[in-house]
Amino acid sequence: LHTDLDKGESAVKYTLSGEGAGTIFTIDQTTGDIHALRSLDREEKPYYTLRAQAVGIDTNRPLEPESEFVIKVQDINDNEPKFLEGPYTASVPEMSPVGTYVMKVTATDADDPTYGNSARVVYSILHGQPYFSVDPKTGVIRTALPNMDREVKELYQVLIQAKDMGGQLGGLAGTTTINITLSDVNDNPPRFSKSIFHLRVPESSAVGSAVGRIKAHDLDIGKNAEVEYNIVPGDGGAMFDITTNEHNQEGIIMLKKRNEDSLVNKNSCSLYGTVCAGIILLKPHCADLCTFMAPMLHDRRRGDKPNGRKEDKESLISRSKETERQCRPVSLSELPLQKNQQRLYYN
């Protein structure tokens, strides 16, 4: 600072007051030069309002009115971008098309956005390609690869970088992690482990009793893996019923009624059925079929034939094998469609 009244005769001195006077700023009483006593941080305080005055060195009386001025702290790039809420978690359905929105991340930079490029942030992906991409300007994360299958890989960890100076060399950078989970969709039909299940029904089995268990496995989870079993109409439906165990998804086959014909003819092929396994969420549905064979076994302790004669062990085994030979499993294409039913084919 300088006043026109200062003729260089050391008759004037300068005083300073206001924000930071004496602690942050000082003034040379002879020349009027103002100096900072320590380094300044724009992010801590961007400007200071001060007052200066020229007074007579002998009289200490003001030589002119007090002057007010502002010292503005100029920004430099000394702050890296920061993600305030990370690490993040997100989910996206499996098999989503390329470009599906996942989430948006935002980094803040404490530098002055109105001065230079110190606060201009650019986003990039350091880890997580080729599965995901990030928009360099907005920070929006999207899927970048089609047909991502949860049953193959469920969890992805993506590392996002935010760099200031517009991403140029020398810019400061911050990173964050996003844990992305593929949520399940119903893309897997239930499958039986084998096409034929062999059951044995003792002659003494009561109506309503369980005679066997079968199970179809579904690679999906949750509601998408809840299996519903049905006996195909015309194939054992009169003799057997089936329910689903909600805890382990097994199909429990129960005796619905006794077949008196089987008690007379041990080679009867009426004691078999075809089970359809489908997903509860799809109706009508039939994802896979299996055949169960359940010939009625007479009391071995008696070994009685229906006519009251004894039958030896070899004869019983021979008749059992003949029953299984005659009870041929059926394929899905052979089954007649019932009213309001349709065939669903899975690759």
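This passage describes the overall fold, the nonpolar cores, a buried aspartate and an open sheet in a predicted model.

The protein chain is rich in strand entries, with 24 strands alongside two helices. Of its 347 residues, 38% count as buried. Contacts in the chain often span long stretches of sequence: among those between residues at least 6 apart, 64% join residues at least 24 apart.

A good place to begin a tour of the interior is the largest nonpolar core, which has 22 residues. Within this core, the residues with the most contacts are Phe132, Ile141, Ile160, Ile178 and Ile180. Two or more residues each come from strands E7 (88–93), E8 (101–104), E10 (122–127), E11 (132–134), E13 (155–163) and E14 (173–183). The top contributor is E13, which gives four residues to the core. Ile180 offers a closer view of the surroundings. Setting aside residues up to four places away in sequence, Ile180 touches Ala90, Val92, Val102, Phe132, Ile141, Glu154, Leu155, Tyr156 and Val158. Another core, of 17 residues, lies apart from the one just described, and its members include Leu199, Ala216, Val227 and Tyr229. In soluble globular proteins, nonpolar side chains tend to be buried together.

Charged residues can also be found in the interior, and Asp111 makes an interesting case. Asp111 sits in the loop between strand E9 (107–108) and E10. Although Asp111 is buried, it has no salt bridge. The nearest side chain of opposite charge belongs to Arg42, at 5.3 Å, and a salt bridge requires a separation within 4 Å. Asp111 does have a polar partner in Asn79, the two side chains being joined by a polar contact of 2.9 Å. Beyond its neighbours within four places in sequence, Asp111 is in contact with Arg42, Glu43, Asp75, Ile76, Asn77, Asp78, Asn79, Ser118, Ala119 and Asp164.

Turning to strand pairing, four strands make up an open sheet with antiparallel pairing, in the order E15-E18-E21-E20. Strand E15 (191–192) and strand E20 (240–244) are its edges, each pairing on one side only. Between them in the sheet order are E18 and E21. Strand E18 (residues 210–217) pairs with strand E21 (residues 250–255) in the antiparallel sense over five bridges. Across this pairing, Arg213 stands opposite Ile252 of E21.

Definitions and conventions: Residues numbered from 1 in each chain as written. Predicted model: local features only at pLDDT ≥ 70, side-chain atom pairs only at ≥ 80, totals over all residues. Heavy atoms only, no water. Core = buried A, V, L, I, M, F, W, Y, C linked by side-chain atoms within 4.5 Å. Buried < 20%, exposed > 50% of the residue type's maximum accessible area, 1.4 Å probe, protein only. Contact = heavy atoms within 4.5 Å. Lys, Arg positive; Asp, Glu negative; His and termini not counted. Polar contact = N/O pair within 3.5 Å; in protein donor to acceptor, adjacent residues only side chain to side chain. Pairing = 2+ DSSP bridges.
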